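Biologist: Could you go through the charged pairs in this model with me, and then the helix packing?
Modeller: Gladly, let me put the structure up and we can start from there.

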Amino acid sequence: MTYPSFKLLDEYPVAALNLTVQAFVHKVTGAEHYHLRCDNPENVFMVGLRTAPTDSTGVAHVLEHTALCGSRNFPVRDPFFMMLRRSLNTFMNAFTSSDWTAYPFASQNRKDFFNLLDVYLDAVFFPRLDELDFAQEGHRLEFVDPGDDNSPLTVKGVVYNEMQGAMTAPTSFLWQGLSRHLFPSATYRFNSGGDPEIIPSLTHARLKEFHRLNYHPSNAFFLTYGDLPAVELQEVFEERVLREFRAEPGAPFLVAPEVRLKAPLAVRESYPAEALPETATEDRRTHLVMGWLLETDSSLESLIEAHLLAEVLLDNSSSPLLDALETTSLGRAPSPLCGLDDDHKELIFCCGLEGCEAGTAAEIEDLIIATLNRVADEGLPFEQIEAVLHQLELQRREIGGDLYPYGLQLLLAVFPAVVHKGSVSDRLDIDPVLAKLRQKIKDPDYLGRLIHRMLLDNRHRVRLEMVPDSELGPRREQALKARLQARLRALDDKQRQAIIDRAKTLNQRQLEADDPEILPKVGLQDVQDKLPIPSPKAAAEKLPLTCFPAGTNGLVYQQVISELPELDDEVLDLLPDYSACLSELGCNGLDYRQTQAWQARVSGGIGAYYKVRGAIDDNSRVKGHFVLSGRALKRNHSALTELLRKTLETIRFDETEHIREIMAQSLAHQEQQVTASGHLLAMRAAASGCGPVAALAHRVHGLEGLQKLKKLYLKLSRDEAALADFSRRLQVVHEKIVAAPRQFLLVAEDEQTEALSRELEAGWQGSLPEVDPAFKGFSLSSETHQVRQIWVTDTQVNFCAKAYPTVTIGHPDAAPLSVLGGFLRNGYLHRAIREEGGAYGGGAGHDPGDSAFRFYSYRDPRFKGTLDDFDRSLEWLQSNKHEARQVEEAILGVVSQIDKPGSPAGRAKQAFFDALYGRDAEFRRTYRRQVLAVTLADLQRVAMTYLKPENASIAVLSDAATAGREAAKLELEIIELINV
């Protein structure tokens, strides 16, 4: 094979992943191309740039946004979002990290892939970077009343508001603070996303210069995955981009190593927090984290050794450092920063606690150092260290694709190696290093030497104590207000008019309709006729077993599915707690530490969860199932079966202290979701009156569930009798689950299913319960009601939601309602909420599982204006003239979601559970055909039928001051203000 414009540097087969890595360099510019050649029609493309910042203005982040606002060959205002709806993509996005920026997409459709490739290449290398786009996406000054120069000034901008929301979370302050002190001279001390206090200092000229310097092919790299030949891709790279460039002197721009600290640092900083009530007797909101910059070379062996060390110390409750952090009374739970970060030039190891009292930093440091010294001196059992290598092998072998396309997961895995000039093939083929480490760990002193070299003898260490400060937020707000007032006073009449004129011009531009035909597209004629859905095959005769053959690359997936019995309200509220505990407690006569070590030796982990869904024609007629799930390498399938069976049959609920620790960790995790996923929580709250399934989601996994969990943990942390009672009630739940009807699911390679089915049958022989003839299945009350709530938390942005009760998935109107969400987002909501309103995101969608149509906004500076825009979008639907292509684009968006491939195991599980709840293959294909047949008249009809103002429910997540101010503006008879 000849490559006219690129030179082939290396070709390396990775047998464990069934692919070949090809490394190329462009002959003129030096641009790198790494192609992961494989037999997968879901092709993935990503172009990356090395974009190390020199300040915290967020220049790389703002550029990532602005580059997608029109380019030389596609001079429309918003090609990225326009292509989202003119495409059958399985993924489209752009990322800004600490020292790189990437623009990835994926598609199963060849025509679509090359359409997107044209748009992405033009956007990255030839963007317009219009000053109005910079103002919209980055930051701008406007008057609160845009036409009145006597009104106060305010800062607007999508990235500005995004980072306002991002920097609300204490963990964001913790990470930025740690990075500043671990990297006192390197680029990582800056906030690459942008510090909201510094973003307004970024100029348009600086943005353009940053692009000129960094978005050059000599500083770029192309990563691709799939069955398209590398040479065909390179022809496009050359024709569209590379032929216009020459090599850039000095590129690529690589990050220099950090200068090493001469002694460990101890730092105390603060983060903004709400004031505690006067009745509070203690403040346990301090975070303490210790971070090391590891002494390693750039080899794969050093990287895997660092992962080995991190996992040995922190993987599960049998890991000594995690055990120390979980069981100490010095904090509520291990810090979410615990673990190894390998995205930077140099590796970072972190550990610590959250939920501490201020002033305990030295005690926590002593605990951590003492634990490390003990493990270094005493070592760990060989089996425990070998289990970590087993986990690394399993993780590398598993074919993912349920969240991100599998090819994109692989490209992101090699990204740090590409950015920092490491070996891509080494990153993917770790089996030789694992084999070498399996020999090394036989030396009983190996782990101790590793701990000393990387941690104990490493002076580049920072201890950061982050304490809550209830006055910091108000001080910052007052400082911003003062800066804006000073800026306003300094403006002359001409400058004031310029701000008014720019706001007007930007608004006019946002209202302009670009010609979409400038962009390439796929149409309904390009949609494949059939929806491929996995089918089960004949399995064991003595067990209710469903077996799916799938290309799992040597992994086996096993699930035990129990029908949920009738549960009263008290037991129902315990389901998420029971699910969290089942895989974390001891069993088979072992304590929880020994059990988790057993799990790590024989499996890729086990987990428990429950599913509740309504019937396809009646959302009040629900069914539910409890699932115990595990995965393992084929050689460990019998051991996995034994592990799952012993977990169900001999679980211990007498480990009350660990149950309390599990609840603390569950609470910490859910609290982090409030500002990270506030739009989802607001939508759950708004939809909670639409039907029983939606009400349950809000009750146990929404803001109401978080409230209950806070009260529960407060009680468990103070009252031993309450803890014992809670443990007893979990046992009651368990007894109900194990007595219910049960069936099994197995997913494995086709040629292995027969033997594995026999193994499963033998392992579970005699385990099926004798079901009580009076057994009653799960049900929920079906009352509906309107919701009008404002949930109050510590946030600088809002999350707005509105919901309407609709229909089930089996109703003929479910298909047009699903298309309506994309139609409203594409044609109205994106412009009104993101471009004009400044929110990071917003949209609408139908959830037939909840029988609810929901509007939402994400990291939104507005409140009532956004709720009004939800209503205006419906007026726009009925009163404006619309084109057939808009309906087609909305249909394509729904179909691309339906057709997303997922992982082999994920597709099989989805097929099984869909059939279990009445959504078999033929039903799913019929629904897809209904989506493809939706018309504009259908959209207008279902909106008139279901989205009536008198049926709307509202929920907003906001801060106390905004909530109090905005509640009066809503003009509703009843509005609840609820503290999260």
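Modeller: Before we begin, this is a predicted model, and when I call a residue buried I mean that its relative accessible area is under 20%, whereas exposed means over 50% and partly exposed lies in between.

Biologist: Fine. How buried or exposed is aspartate 869, then?
Modeller: Aspartate 869 has a relative accessible area of 5%, so it is buried, and its side chain meets that of arginine 872 in a salt bridge, at 2.9 Å from N to O.

Biologist: Where do those two sit?
Modeller: Both arginine 872 and aspartate 869 belong to helix 29, residues 864-879, where they are 3 residues apart, about one turn of the helix. Arginine 872 itself is partly exposed, with a relative accessible area of 37%.

Biologist: How many salt bridges are there in the whole structure?
Modeller: The search of the whole structure finds 71 salt bridges. One of them joins arginine 37 to glutamate 11, with the closest N and O atoms 2.9 Å apart. Because arginine 37 lies in strand 3 (residues 32-37) and glutamate 11 in strand 1 (residues 6-14), that pair ties together parts that are 26 residues apart in sequence.

Biologist: And their exposure?
Modeller: Arginine 37 is partly exposed at 38% relative accessible area, and glutamate 11, with a relative accessibility of 38%, counts as partly exposed too.

Biologist: What about arginine 924 and aspartate 914?
Modeller: Their side chains meet in a salt bridge, with 3.4 Å from N to O. Arginine 924 is in helix 32 (residues 921-932) and aspartate 914 in helix 31 (residues 904-916), so this pair ties together parts 10 residues apart in sequence. Arginine 924 is buried, at 15% relative accessible area, and aspartate 914 counts as buried at 8%.

Biologist: Which residues are linked in a network of salt bridges?
Modeller: Arg85, Arg86, Glu517, Glu883, Arg885 and Glu889 are linked in that way.

Biologist: Switching to packing, how do helix 20 and helix 21 cross?
Modeller: The axes of helix 20 (residues 592-602) and helix 21 (residues 637-650) come within 9 Å and cross at roughly 150 degrees, and the two helices are therefore roughly antiparallel to each other. Their crossing is left-handed.

Biologist: Which residues make the contact?
Modeller: Helix 20 contributes Trp598, Gln599 and Val602, while helix 21 contributes Ala639, Glu642, Leu643 and Lys646. By type, the residues of this contact divide into 4 nonpolar, 1 polar and 2 charged.

Terms used. Residues numbered from 1 in each chain as written. Predicted model: local features only at pLDDT ≥ 70, side-chain atom pairs only at ≥ 80, totals over all residues. Heavy atoms only, no water. Salt bridge = Lys/Arg side-chain N within 4 Å of Asp/Glu carboxyl O. Helix = DSSP H or I, 4+ residues; strand = E, 2+ residues; numbered from the N terminus. Buried < 20%, exposed > 50% of the residue type's maximum accessible area, 1.4 Å probe, protein only. Axes fitted to C-alpha atoms, helices over the stretch in contact; angles between N-to-C directions. Parallel < 35°, antiparallel > 145°, perpendicular 65-115°, else oblique. Left-handed = near helix turned anticlockwise from the far one by under 90°. Contact = heavy atoms within 4.5 Å. Nonpolar A, V, L, I, M, F, W, Y, C, P; charged D, E, K, R; others polar.
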